[in-house]
Amino acid sequence: LRTSPIMANNSDLGSFSAEVQTDLQQAIKADPNEMSARSLMTLAKLIVERATSDRRYAEPAAKICINVIEKEKKETFLESLLNTCQLSYQERDKVLRSAPTGSRYRQYMTFLNEMYVQLKRSQLQLKTQYDGVPPQLMLLTLLSKCFIDCLQAKPLSKIEIEAIFFILTSIGKDLEHDLPKTMEQIFFNIRDVFLTPTSAGPIKSTLLQLIELRASKWQMPASAVMYYYPGAR
């Protein structure tokens with residue numbers, strides 16, 4: 001078994017009940033293969049819930065997930081993790097976008113991105129697929145659906161648009177390569193928002209940066225960096 005080069009401590013996710021803490025310790029520091037399927041499924045659900053509760057939990061949650069996925073043989077945790085992410089999206093209006101949890105959508109996208117990046121970095125050969133789709137592609141597909149939702153929202157959320165910007169600067173090239181038709185849909189919506197007279201100035205500025213970034217094949221030229229970030233050196 002390959003050991004993850006980056007470890008996250010379970011304390012990076014805050015506190016849980018004693019039972020959950022024990023399961024986390026077992027999954028991270030011992031052997032998740034000795035845990036029951038129910039415990040692994042519950043753990044995956046709780047980690048996703050915690051990751052979407054605050055943006056600072058997204059990266060440590062993804063690292064913990066990868067650590068467990070690398071060690072488990074039956075991929076029960078991975079399968080439950082993907083199912084939970086998919087279910088969260090399907091119930092997004094209730095789980096992620098209801099009034100009390102409006103910002104959870106940004107956290108959710110951030111976590112999906114971290115999971116994608118960690119899975120890609122780990123180069124694991126995984127058997128699990130979701131509806132015939134490999135985990136990495138499933139995460140990219142979910143992210144692209146989130147982007148389109150955010151771009152079509154009324155009213156637009158500046159926080160969500162900024163999240164799209166930062167995520168696409170990270171995975172835009174991969175999304176362009178793996179889901180080119182979906183990327184066209186995303187940028188159709190980006191251009192539509194950009195050209196809408198009532199769109200707020202800061203949102204238009206962020207979207208213009210994305211349009212230029214894609215046009216430059218996801219490598220923003222120095223002149224554009226200096227224009228948008230005059231303090232950059």
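The following conversation goes through several labels attached to this predicted model and the values behind them.

Modeller: Residues are numbered from 1 along each chain as its sequence is written. In this predicted model, local features need pLDDT of at least 70 and side-chain atom pairs count only at pLDDT 80 or more, while totals for chains, interfaces and linings use all residues, and side-chain values use heavy atoms, with hydrogens and water left out.

Colleague: What makes Thr110 count as buried or exposed?

Modeller: Buried means under 20% relative accessible area, exposed means over 50%, and partly exposed lies in between, with a 1.4 Å probe and protein chains only. Thr110 has 16% relative accessibility and therefore counts as buried. Thr110 is placed in helix H6, residues 104-122, where helices (H or I, at least four residues) and strands (E, at least two) are DSSP runs numbered from the N terminus. Leaving aside residues up to four places away in sequence, Thr110 touches Arg55, Ala58 and Ile167, a contact being heavy atoms within 4.5 Å.

Colleague: Why is H6 described as largely enclosed by the rest of the structure?

Modeller: Because 16 of its 19 residues are buried, H6 is largely enclosed by the rest of the structure. From first C-alpha to last, H6 reaches 27 Å, close to the 27 Å expected at 1.5 Å a residue; the expected span is 1.5 Å times one less than the number of residues.

Colleague: What is the phi of Gln123, just after H6?

Modeller: Gln123 has a positive phi of about 55 degrees although it is not a glycine. Gln123 belongs to the loop between H6 and H7, and its relative accessible area of 60% makes it exposed. Lys217, also not a glycine, has a positive phi of about 60 degrees; Lys217 is found in the loop between helix H10 (201-215) and helix H11 (222-228), and at 65% relative accessibility Lys217 counts as exposed.

Colleague: Why is the sulfur of Cys150 not bonded to that of Cys146?

Modeller: A disulfide is a pair of cysteine sulfur atoms within 2.5 Å. The closest cysteine sulfur to that of Cys150 is in Cys146, 6.5 Å away, and this is too far for a bond. A search of the whole structure finds zero disulfides. Cys146 has 0% relative accessibility and so counts as buried, and Cys150, at 0%, counts as buried.

Colleague: Why is the pair of Tyr105 and Tyr108 given its label?

Modeller: A pair of aromatic rings is described by the distance of the centres and the angle of the planes. Rings of Phe, Tyr and Trp (its six-membered ring) pair if their centres lie within 6.5 Å, and planes under 30 degrees apart count as stacked, over 60 as edge-to-face and the rest as tilted. The structure holds three aromatic pairs. In one of them, the rings of Tyr105 and Tyr108 have centres 6.3 Å apart and planes at 5 degrees, so the pair is stacked. Both tyrosines lie in helix H6, three residues apart, about one turn of the helix.

Colleague: And what label follows for the rings of Phe165 and Phe166?

Modeller: Their centres are 5.3 Å apart and their planes at 75 degrees, so this pair is edge-to-face. Phe165 is buried at 7% relative accessible area, whereas Phe166 is exposed at 55%.

Colleague: How do you know that Lys127 forms a salt bridge with Glu75?

Modeller: A salt bridge is a side-chain nitrogen of Lys or Arg within 4 Å of a carboxyl oxygen of Asp or Glu. The closest N and O atoms of Lys127 and Glu75 are 4.0 Å apart, and the two residues form a salt bridge. Lys127 lies in the loop between H6 and H7 and Glu75 in the loop between H3 and helix H4 (76-90), so the pair ties together parts that are 52 residues apart in sequence. Lys127 is exposed at 65% relative accessible area, whereas Glu75 counts as buried at 5%.

Colleague: Which parts of the chain does the pair of Arg214 and Glu184 link?

Modeller: Arg214 forms a salt bridge with Glu184, with the closest N and O atoms 2.8 Å apart. This pair links distant parts of the chain, Arg214 being in helix H10 and Glu184 in helix H9 (residues 180-195), 30 residues apart. Salt bridges that share partners join Glu176, Glu184 and Arg214 into one network.
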